[in-house]
Amino acid sequence: MPIKHKKLKLSGQRTKWLQGRDATLRGTPTRLNPQTINVLANEVVKMVDKMHLDISSQLEKLFSSTTAKNSIQKTEKVASLEKAGMVSGAAMDASISSKAISLTDKLVSKWTKRFNSFGGMWTQRMISTSEKQSAKDLGKSMKKLSGGLTIDTSQISAKTRDKMLASADQASSLIKSIGPQYTTQIKEAVARSITDSSSSFEELQNSIQSMLDDKYKSHKNKAFNVAKDQTKKTYSNITASRMQEFGTGEYIWRHAGGSQKPRDYHRDVLNGQKFSLDNPPIIDKKTGERGKPGDAINCNCYMEPVISFDNKS
């Protein structure tokens, strides 16, 4: 049974013009400003920056200590035993290992707590920004579709609120996970470096710093992309829920363009086609997943609301 939604109210002039016509009315596109998305995403990146600087500073301090140097530098006896093949490398002094474990445990705990707090606050800002922009953009689109009527799209129904809560829960969980994922990987990498080291003190220091830089770059990019993706999904979900409530469940799929790795299927097949939110198209040919613009990971596509009429309606 088809889902029923209320019909969009049209101006008298628009209603008269539609009589006896087959027509598709187009609203303005609903798309969150890329600059707004980047501002929100960069807030998460700044938090990753702070975490990286703190961890790097703490580890540099540890491995610059006299204890670390004495634990790592090889004695002539150990070097001669290595050369003779009697040992595989200079073993770390237990004190530096225990100090490294204690430090990284504290860093994991510290940044897990900080990201738990930050993730909740960031998500609330993101939800609020997305909701307000959705109301503004959809109001503009509704005005064009209706023939000039001003329609209040700022009201939040129970259905839309449920969408917002679901989006908030997912976004918050992903942002909160950045801290413990990063610090746990650092902890494991530092432990491996100490256990497996057969290098000089300077080489070990360089190895750890190189590892920190690599982890930072990958997590910085991941954090930025996750924040962007969750922001776009939240905006899209709120907008779609409101569209259905106002009787505009149809849209034209618009490909954003400009991506370094565009989805050919979205650009060449879905772009410019009309779809219904009640019967979404396949968005991934490999998996058969169905959805709307923005549902696929890192998808920048967006909706242009439309209303279709035939001469009978």
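**Exercise 1.** Which cysteine sulfur is closest to the sulfur of Cys299, and why is there no bond?

*Solution.* The model is predicted, and the distances below are computed from it.
Step 1: The cysteine sulfur closest to that of Cys299 belongs to Cys301, at 3.7 Å.
Step 2: A disulfide requires cysteine sulfur atoms within 2.5 Å. The separation of 3.7 Å is therefore too far for a bond.
Step 3: Taken from Cys301, the closest cysteine sulfur is that of Cys299.
Step 4: The structure accordingly holds 0 disulfides.

**Exercise 2.** Determine whether Cys299, Cys301 and His255 are buried or exposed.

*Solution.*
Step 1: The cut-off for buried is under 20% relative accessible area.
Step 2: Cys299 has 2% and is therefore buried. Cys301, at 9%, is also buried.
Step 3: His255 has a relative accessibility of 17%, so this residue counts as buried.

**Exercise 3.** Describe the surroundings of His255.

*Solution.*
Step 1: His255 is located in the loop that lies between β2 (250-254) and α8 (264-270).
Step 2: A polar atom of the His255 side chain lies 3.2 Å from the backbone nitrogen of Gly257.
Step 3: Leaving aside residues up to four places away in sequence, His255 touches residues including His266, Asn271, Cys301 and Tyr302.

**Exercise 4.** Identify the residues with the most contacts inside the largest nonpolar core.

*Solution.*
Step 1: This core has 39 residues, and Ile55 and Phe63 have the most contacts inside it.
Step 2: Two or more residues come from each of α2 (34-63), α5 (94-146), α6 (158-196) and α7 (201-245).
Step 3: Beyond four places in sequence, Ile55 touches Leu107, Trp111, Tyr182, Thr183, Ile186 and Leu212.
Step 4: A second, separate core has 19 residues, among them Leu145 and Ile283.

Technical notes. Residues numbered from 1 in each chain as written. Predicted model: local features only at pLDDT ≥ 70, side-chain atom pairs only at ≥ 80, totals over all residues. Heavy atoms only, no water. Helix = DSSP H or I, 4+ residues; strand = E, 2+ residues; numbered from the N terminus. Buried < 20%, exposed > 50% of the residue type's maximum accessible area, 1.4 Å probe, protein only. Polar contact = N/O pair within 3.5 Å; in protein donor to acceptor, adjacent residues only side chain to side chain. Contact = heavy atoms within 4.5 Å. Core = buried A, V, L, I, M, F, W, Y, C linked by side-chain atoms within 4.5 Å.
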